[in-house]
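Student: I would like a close look at a single part of this model, namely its later helices. Could the description be given step by step, with each term explained?

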Amino acid sequence: MSSTKISSVILEKHLMFSDFLKRDVIIDCYYHASFSQNVSVPLLLINDGQDLRTMHFEDILEDLNAEQSITMVFCAAIHCSSDRKNEYGTARVLDYKGRGAKAADYTAFVMKELLPFLRKTYLVISFSEKAFAGFSLGGLSAMDIAWNHPYEFTKVGVFSGSMWWRDKAQDEEDFDEDENRIMQRQVREGNYYSWMKFFFEVGTKDETADRNNNGVIDSIDDTKAVIDELKLKGYDSISDIRYLELEDGFHNVDTWARAFPVFLKWGWGKGNNL
């Protein structure tokens, strides 16, 4: 473990071995300098944690702290592996190319190894709430894990999420996006949990593909389809769901860095009215 103090933000870097994943996992923990052990605080897990180093996440937190815009939140950023397309995905269903084969193992790592590691390392008996966020395929993974563990998580943040994830190729004759997109189907077949909240970000230049030729890029269509399913399930479009569409936003770290402060203020803003 190494530790770096950057003004009000402390960054600690950990290396832990996962029996489920059979590899070392890098975890970066970002927290306020006033954090004290044995105090219950919100926990935010973040997939593709290596991207937070690129966006200088500690500076984002420092700026928000200086503005007194957010309450204290403990962030644990999980670096992905070279086998990202298998560890991320949906744990119960593989995509049409068989990707996501280790998603169940990744879920087990998060629930049975990472959470106990964080509680033990930082002497936190119980976090006041848990949230999960991620970028692209990491966003899909965060949504999948949180959706299937509603008694553990209260919030989800999905940035340019891979909500196209499907169990049948779109060029197959009987492809039906309503039936074959996996996350949308999971929401439709799942239950309503009143405490869960959802944040989605997509950039208007996230991609160029438009498979149904409706003039809207697929990443926006696929994300809005998840939101539509959440609404049908009973989630309110204002109080439970935040959709952020960034004009000229791309599928990259710079765009996600623009969106992340909005997400943090939405989830942990002082007054929590954003």
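Tutor: The answer below takes one helix by itself and then a packed pair. The model is predicted, so local features need pLDDT of at least 70 and side-chain atom pairs count only at pLDDT 80 or more, while totals for chains, interfaces and linings use all residues. Residues are numbered from 1 along each chain as its sequence is written, and side-chain values use heavy atoms, with hydrogens and water left out.

Helix α9 comprises residues 253-268, 16 residues in total; helices here are DSSP runs (H or I, at least four residues), numbered from the N terminus. From first C-alpha to last, α9 reaches 22 Å, close to the 22 Å expected at 1.5 Å a residue; the expected span is 1.5 Å times one less than the number of residues. A kink of about 30° lies at Ala-259, shortly before Pro-261; the bend is the angle between axes fitted to the seven residues ending there and the seven starting there. Of the 16 residues of α9, 12 are buried (under 20% relative accessible area, 1.4 Å probe, protein chains only). Among them are Trp-256, Phe-260, Pro-261 and Trp-268.

Helices α7 (residues 182-189) and α8 (residues 218-233) pack at about 5°, with axes 9 Å apart. They are therefore roughly parallel (angles under 35 degrees). Their contact (heavy atoms within 4.5 Å) includes Val-187 and Arg-188 of α7 and Ala-225 and Glu-229 of α8.

Note on methods: Helix = DSSP H or I, 4+ residues; strand = E, 2+ residues; numbered from the N terminus. Buried < 20%, exposed > 50% of the residue type's maximum accessible area, 1.4 Å probe, protein only. Axes fitted to C-alpha atoms, helices over the stretch in contact; angles between N-to-C directions. Parallel < 35°, antiparallel > 145°, perpendicular 65-115°, else oblique.
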